[in-house]
Amino acid sequence: MIKRLLLTVLLAVPCLVALAQFDGQNSLVRKALVSYSKDSKGFWHSVEDVLVDKIDEGGNVYAFEKKTGCAYVRTDDANYQIVLTKEFAKIYKSSKLAPIVEGQVLEDMIRQNSEILAKRYQALNDERQKAIDDAAKKVRDDSIARVRHDSIQRVLEHNQLLQYRRETDWHQLPTRNTPLVCTICGHHAIDETVYCLGIVRDSIYYQEEAIGINKDVYPVIHVSMYNRQLNNVEEYQYHTRVFADSLSSPKYLCYEYAIAENERAFAEYLKTLSEQIPYGYVESWGYDIQDGHVVLDFAYTNTTARPIKSVDVSYKLLDATGKVLKVNHLRSTTPLEPFHTQKWSWNEEQKTVPSTATDLKIHKVTLFFKDGRQHTVTKDLLVKEN
């Protein structure tokens, strides 16, 4: 029985030595003289004189103390002192599985193996610290670079903003063909820019030059609600941000102001128009002589503040030499309101035309006003040059 037990132990020795695995079956006490473990930050820390239940990992059995029956093992993360059972201690004594040492030699070997571990984990800690320091330095460098880039970018943007303010009229509001509908007159503005007078809350006040009946122009103020499509127009957003102070400065802008100002501007235009052309002018005319009678198209613009009851057009028929053959006239029956243009077309079959007539010229235009007055427009004012 004893021989069989010894045989079993001897057969187990090679595996025991190779793996240096120790537990309650082959040892009485297992103590880590020094042991290393990693913390949450990746650093290794040592503890001393810690008892363990077993040693699973393989290691180097570097010494055996015959007097105490202790084996000394260094694994990857610890330096162990192991009190073997009597049976396994006898095996170590007789088989020389590890150097048998004692006294100062043993102490030196223990210290050397502990130093091997200390150097290893110091190197790992140094490597870990370097990685942390490098990462922190990178964060700092990236932060400094980002701050520097942001600072440069802010300077560039500020300079760009100053240049934009210097070179751009704040009234020229870029809308990039975004429709603006006037809430006063229904006018649609679809242009690259509009001449903006100011922005009050959600209303854009802008001005355009209206073309009058004599091709003259006068200012008209439009008021448009904010079109949400402008949210996607970068030029509009940038312009309103750069000139926010100027665009919001005209505190007088309101719906009533726009209406009153439009009425004033139009009245000024009409006054000027009446001074330049007191009684109106021929907007257009044309004629034809067909089958012995006259066909006359005629348009007249009334530049007075009085309604015209009828317009009498006097004309001359001429031959090829310019000789006047006949003088005749045509009268309208449709009234002409102040500052309006009216067109007439006559196909006069009752008035005979000389057979040699080749040309027609307007001689004069007589205006009959509804108030009973009348006025004859002279030859020089018959046609207003535009």
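Partly exposed means a relative accessible area between the buried range, under 20%, and the exposed range, over 50%. The views below show a predicted model.

**View 1. Lys-137 and Asp-141 pair within helix H3.** Asp-141 has a relative accessible area of 35%, so Asp-141 is partly exposed. Lys-137 is partly exposed as well, at 44% relative accessibility. The two side chains form a salt bridge, with 2.8 Å from N to O. Both residues belong to helix H3, which covers residues 103-167. They sit four residues apart, or about one turn of the helix. Side chains of opposite charge can pair when their charged atoms come close.

**View 2. A salt bridge joins Asp-245 to Arg-165.** The N to O distance here is 3.5 Å. Asp-245 lies in helix H5 (residues 244-247), while Arg-165 lies in helix H3, so the pair ties together parts that are 80 residues apart in sequence. How accessible is Asp-245? Asp-245 counts as partly exposed, at 44% relative accessibility. Arg-165 is partly exposed too, with a relative accessible area of 30%.

**View 3. Asp-371 meets Arg-373.** Their side chains form a salt bridge at 2.9 Å, N to O. Asp-371 has a relative accessible area of 43%, which makes Asp-371 partly exposed. Arg-373 reaches 49% relative accessibility and is also partly exposed. The cut-off for exposed is over 50%, so a value of 49% still counts as partly exposed.

**View 4. Three charged residues share a network.** Salt bridges link Asp-108, Arg-111 and Glu-115. The whole structure holds 15 salt bridges.

**View 5. Helix H6 has a buried face.** H6 runs over residues 255-276, 22 residues in total. From first C-alpha to last, H6 reaches 32 Å, close to the 32 Å expected at 1.5 Å a residue. Which residues of H6 are buried? They are Ala-258, Asn-262, Ala-265, Tyr-269, Leu-270 and Leu-273. Seen down the helix axis, these buried residues fall within an arc of 140°, so they line one face of H6.

**View 6. The two sides of H6 have separate surroundings.** The buried residues of H6 pack against two strands. One is strand E10, residues 203-211. The other is strand E11, residues 217-225. What lies on the other side of H6? There, Glu-256, Glu-263 and Glu-275 are exposed.

Key
Residues numbered from 1 in each chain as written. Predicted model: local features only at pLDDT ≥ 70, side-chain atom pairs only at ≥ 80, totals over all residues. Heavy atoms only, no water. Expected span 1.5 Å × (residues − 1). Buried < 20%, exposed > 50% of the residue type's maximum accessible area, 1.4 Å probe, protein only. Arc of directions from axis to C-beta. Contact = heavy atoms within 4.5 Å. Salt bridge = Lys/Arg side-chain N within 4 Å of Asp/Glu carboxyl O.
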